Amino acid sequence: MKKNVPKIAIIGKPNVGKSTLINRICSSTEAIVHSEPMITRDRKYYASEWDGYEFYLMDTGGIDLKSEEKLSHQIFRQTTKAIEESDGIIFLVDLKFPISPMDEEIALILRKTNKKIILAGNKWDNQTGNYYTEDFLKLGFGYPIMVSAIHGLNIGDLLDEIVVIIKEYRERFRNRIETEPDDEGIPGICILGQPNVGKSTLFNNIINEDRVIVDEVEGTTRDSIDSVVNVSGKKYRFVDTAGLKKNKLKEEDLEYYSKLRTLRTIEKSDISLILTDSTRELTNQDLRIIELCIEKGTSVCILFNKMDLIDSEILEKLIYSFNDKLYFARFIPFLQISAKNKEGINEIFEMIDFLLEERNKRVTDNKLMQLFKGLEQEKAIYLKEKKFKIKFIKQIRVAPPGFLVFSNMDIKKKDHVKRFIESRIREEFGFTGSPIFFKFKF
């Protein structure tokens, strides 16, 4: 996320269309939209632009002050932090219903801030409908801007009001804007795993902030949440993700979209920290998550969480199972941690630095040719009684590493030959944690 770009929080009670408005303004489907209330639980940032002005929209959970559910109170705390962090606020209400006590309570909270408030009335889907527009004048924020997030009506008028806030922001912080650098080019680290293995607890402990709601209810994190942290002068972008469940024949649409966002996060990340539960062996779903990361080209480290709950005998069996089941990816390292007790956090950063170095490693053509010239003499490979030879090999990319191989025959479908080439490269040059990709020509 760029520095010096203002943040606009969208605040309102549940199901007034906050995530729909986000998607409309950002011309995307990043924010999860669903009829079930409290789908948006954590605060999340979406980059947008209007008339040459950049800003971030902060999606928040719907405020329900009357609910006795523990999750509602946690959502309220996240929304309060979003209000404090924002440079301006869109107070979104539903024009199809009269003003409610909940709207009035939210207005009371917002009036206590010194932030610029834009009152927007959503679900103004056609000009001839019956709406309670004037009812909301009593909130004290003026006449609401009538919009339809789902149909895109009057969105430009709302964006023009956001630009007014941005101009005021720029004037107030002109000197800071000119001197502070952006957070571009920062390595991305995503935290993955099945539901309820401790991803959000680890994420919160890494960034030292209750940014993500941690609850015993499975599947609490619906979206991918990111934060930039600075450790010893180095910056890292950490992303907490929704738990990847085992595939079902008929998947709930909400679970599908959560998974889709997690897959997008993997594609954009440099490193995937895959959290597993040490009290049980690696499952097929854990292995599938690892395979997904390898396919997407991210470096991988397995984190055995909840180490405070097991003894040395169980640990020994766990490591044996790990090595046995990860026969296809022996290059992946692991760490032992306890997210709850904050044990192993320093080791995670050391591992991240090491994996970044490994995935960005470059090997010269000369070293590669010398390696395989020597190996041809030690171990010859024959295909249909013809000796396989590498004419030339060259590294053509990093992060993740990729190699171009010219040989004397077509080996695109010869997996054992490709495994031979990869294993020799790893034995000599490492590339720990990182998948290696090949392009073959003959």
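Helices (H or I, at least four residues) and strands (E, at least two) are DSSP runs, numbered from the N terminus. Two strands pair if DSSP finds at least two bridges between them. The model is predicted: local features need pLDDT of at least 70, side-chain atom pairs count only at pLDDT 80 or more, and totals for chains, interfaces and linings use all residues. Residues are numbered from 1 along each chain as its sequence is written, and side-chain values use heavy atoms, with hydrogens and water left out.

One open sheet has 6 strands in the order E2-E3-E1-E4-E5-E6, with mixed pairing. Its edges are strand E2 (44-50) and strand E6 (145-146), each of which pairs on one side only. Strand E5 (residues 116-122) runs parallel to E6 and is joined to E6 by 2 bridges. Within this pair, Ala-120 stands opposite Ile-145 of E6. Helix H3 (residues 101-111) packs on the sheet and touches E1, E4 and E5 (contact means heavy atoms within 4.5 Å); the direction of H3 makes about 170° with that of E4. Axes here are lines fitted to C-alpha atoms, for helices over the stretch in contact, and angles run from 0 to 180 degrees between N-to-C directions. Helix H1 (residues 18-26) lies across strand E1 (7-11), E2, strand E3 (53-59) and strand E4 (88-94), at about 160° to E3.

Another open sheet consists of 3 strands, ordered E15-E16-E17, again with mixed pairing. Strand E15 (390-397) and strand E17 (437-441) are the edge strands, each pairing on one side only. Neighbouring strands of this sheet are turned by 20° against each other on average, direction ignored. Strand E16 (residues 402-407) runs parallel to E17, and 5 bridges join them; Val-405 has Phe-440 in E17 as its bridge partner. Helix H12 (residues 415-429) packs on this sheet, touching E15, E16 and E17, and its direction makes about 125° with that of E17.
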